[in-house]
Structure formats: C-alpha cells, structure tokens
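Dear colleague,

I am handing over the structure below, and I would be glad if you could look at it before you read on. My notes on what was found in it follow underneath.

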Amino acid sequence: MRFLLTFTLLLPLPAADFDAKDPSVLAKLFPKGAALRRLATDMQFIEGPVWMPAGFLVFSDIPANELKRWDGQSVASFRTPSQHTNGNTLDRQGRLISAEHDGRLSRTEADGQVVTLVDSFEGKKLNSPNDAVVKRDGSIWFTDPDYGLGTRAKEQPGNYVYRFDPAKRAITAVVKDFDKPNGLCFSPDERRLYVADSGKPRHIRVFDVQLDGTLANGRVFATIDKGGPDGIRADEAGRIWSSSGDGAQVFSPDGQLLVRILLPEAAANLTFGGKDGRTLFLTARKSLYAVETRTRAPKR
Ligand code: MG
C-alpha cells in the first residue's frame, strides 16, 4: 500500500514520500517526521556521493567534469577537472578513491595530489571505471562498464568487475559476465559482495567472497522494477539501499523490497553520512537530496 507521510504543516520543506508494504518498517528505518530535503539543484548529472572524514560531502558532476562539495550550507567546487569522475569512496586511511570515466582509478593523497592507482588490465586500457568500494583488507573492488568511453576506442573485450590490491599493484577480473556492472558494496561482515547490473538485467547480484579474493555462488539478489540499479549501499543491519528510477529502494538482507523512497528525479547513487552517519544523501540527476534515517553504514 502507498503510505504517504505528510508533515508539511510541521516542517517547512516537502514531506518525504515513502512507499512501504509494511508501514512499521518505516518507523524502523526513519525517525518520526523524516522529510526529504533538496539540498541543491541546477547541476548537470550528479553521482558518486561520499562523506569525507573532515565532515563534508563530496560528489561528482560527471558532464561538468567536476567534483563538488556540500558543507552543510552550500555547494562549492572540490576539484576540476575531475577526469569525469563517477563513483567515489574512501580507503582505510580515509583517502578519496575515485572511479574516473576517463579511464582510471585514482587516489587523492593527504597533500591533495591525485595519483593513478590503475588504468589498465592485461595491457589494455580500462573502459570507464564507474564505482568502487574498499574492503577492510585494503583491496579496492570496482566496476568498469563502457558508459563513459565517449569517442575512445574500447580496448577491453568486456565490462568486468575488478579487484585491485594497492600494496601489490595487482589487478584481477573477478566477474566477467555482467552487461553493465555498476554500483557495488559488501555485506557488513564482508562475506558477500553485491554488484548492480544497470544494463539489460537491471538487477543486483550477490556473490560469496572467498578467502583468496575470488567470488563464488553468484545469484540474483533483487530486481529493480523502476528504472535500474546504479549506486548501492549496505547499512549496518545488512539491508541494501539501491538507487532506482523512482528514487531509492531498500531491500532486506534476504532480498525483500521493504521501502521505496520516492524522489521527483531518478537517483543514480546514494550514501550514508552527516554528523552521526545517519543521513542518507541521494544524487538524483540535477539535484542533491537528503533524508534522515535510523541506520548507518556498517562499521569499518
Ligand atoms: Mg554508477
């Protein structure tokens, strides 16, 4: 059933619009009166939000070739050009890891220098890295669909999911049979890896992570029924939050759809952040949105 929370009389901003089969789930996931806020708009196509240890949000405006920051008040430039960065995440040291459409995975050092981590596999240039996640062992897992190739010739024979070990500078393809691998995240215990396929399947697959860094037992976790999945995040309870054509969809650890967060623009990515880590930030086309939740990212 459609469950509309209307607190417009109490709050100055439009009410969050949730759709849940079981309304009691809403009380579990969101504080009373939780309202969707549009923090900024009039950007080109935003993606890749990440909450920085210094206390602000970084996100990508891909066509603008810029990383932006939101500091709680307003949006400013963080880096330009960004090599058309899409996804962003943090490594174990809190450094920014960026998936750049121009063809590499980069790391921003403490002094601000941007270094190339990896830009090729088996001697061929990567397509256009889309999103990345860092495991507690320091390995960086990322997807490489071909959305951002532009006029560049495609050198890779496919669109793979990779594991990169920065210590050994070693890259391995861990899955090769995706159409367009996109967002990815680990379960809180890191025994499972979830990967979105925003191509024809429009579903999220889950894999068992083996001790040797390979993946096994891939199966469909959930299918996104509006638009497709792009960015995905796990919360501390192992639920999976996926961007979708209607905003965002939240799934239980066993793949049941719990809640839709309905946005006026299709979301491409999302992340937890804010002072207490419980704010969900959503990058949705031209606008940045936020809603308070009662959960947060898994402990790192
Ligand atoms: Mg993406």
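**The magnesium site**

In this predicted model, the magnesium ion is coordinated by Asn 130 through OD1, by Asn 182 through OD1 and by Asp 230 through OD, at 2.1 to 2.2 Å. Along the sequence these donor residues follow the spacing N-x51-N-x47-D. Asn 182 and Asp 230 link distant parts of the chain, being 48 residues apart, with Asn 182 in strand 18 (residues 181-186) and Asp 230 in the loop between strand 21 (215-223) and strand 22 (232-234). Asn 182 has a relative accessible area of 2% and is buried, and Asp 230, at 14%, is buried as well.

**Salt bridges**

Side chains of opposite charge can pair when their charged atoms come close. With a salt bridge taken as a side-chain nitrogen of Lys or Arg within 4 Å of a carboxyl oxygen of Asp or Glu, the count for this model comes to 17 salt bridges, and three of them are described here, beginning with the pair formed by Arg 260 and Asp 246.

The closest N and O atoms of Arg 260 and Asp 246 are 2.9 Å apart. Because Arg 260 lies in strand 25 (residues 257-262) and Asp 246 in the loop between strand 23 (240-244) and strand 24 (247-251), the pair ties together parts that are 14 residues apart in sequence. As for their surroundings, both Arg 260 and Asp 246 are buried.

A second salt bridge brings together the side chains of Arg 95 and Glu 109, with 3.6 Å from N to O. Here Arg 95 sits in the loop between strand 8 (85-90) and strand 9 (96-100), while Glu 109 sits in the loop between strand 10 (104-108) and strand 11 (114-118), so this pair, too, ties together parts that are 14 residues apart in sequence. Arg 95 has a relative accessibility of 23% and therefore counts as partly exposed. Salt bridges that share partners join Arg 95 and Glu 109 with Asp 91 and Arg 107 into one network.

The third pair is Asp 137 and Lys 135, whose closest N and O atoms are 3.8 Å apart. Which of these two partners is buried and which is partly exposed? Lys 135 counts as buried because its relative accessibility is 14%, whereas Asp 137, at 47% relative accessibility, counts as partly exposed.

With kind regards

Key: Residues numbered from 1 in each chain as written. Predicted model: local features only at pLDDT ≥ 70, side-chain atom pairs only at ≥ 80, totals over all residues. Heavy atoms only, no water. Helix = DSSP H or I, 4+ residues; strand = E, 2+ residues; numbered from the N terminus. Buried < 20%, exposed > 50% of the residue type's maximum accessible area, 1.4 Å probe, protein only. Donors = N, O, S within 2.8 Å, 3.2 Å for Na, K, Ca; no water.
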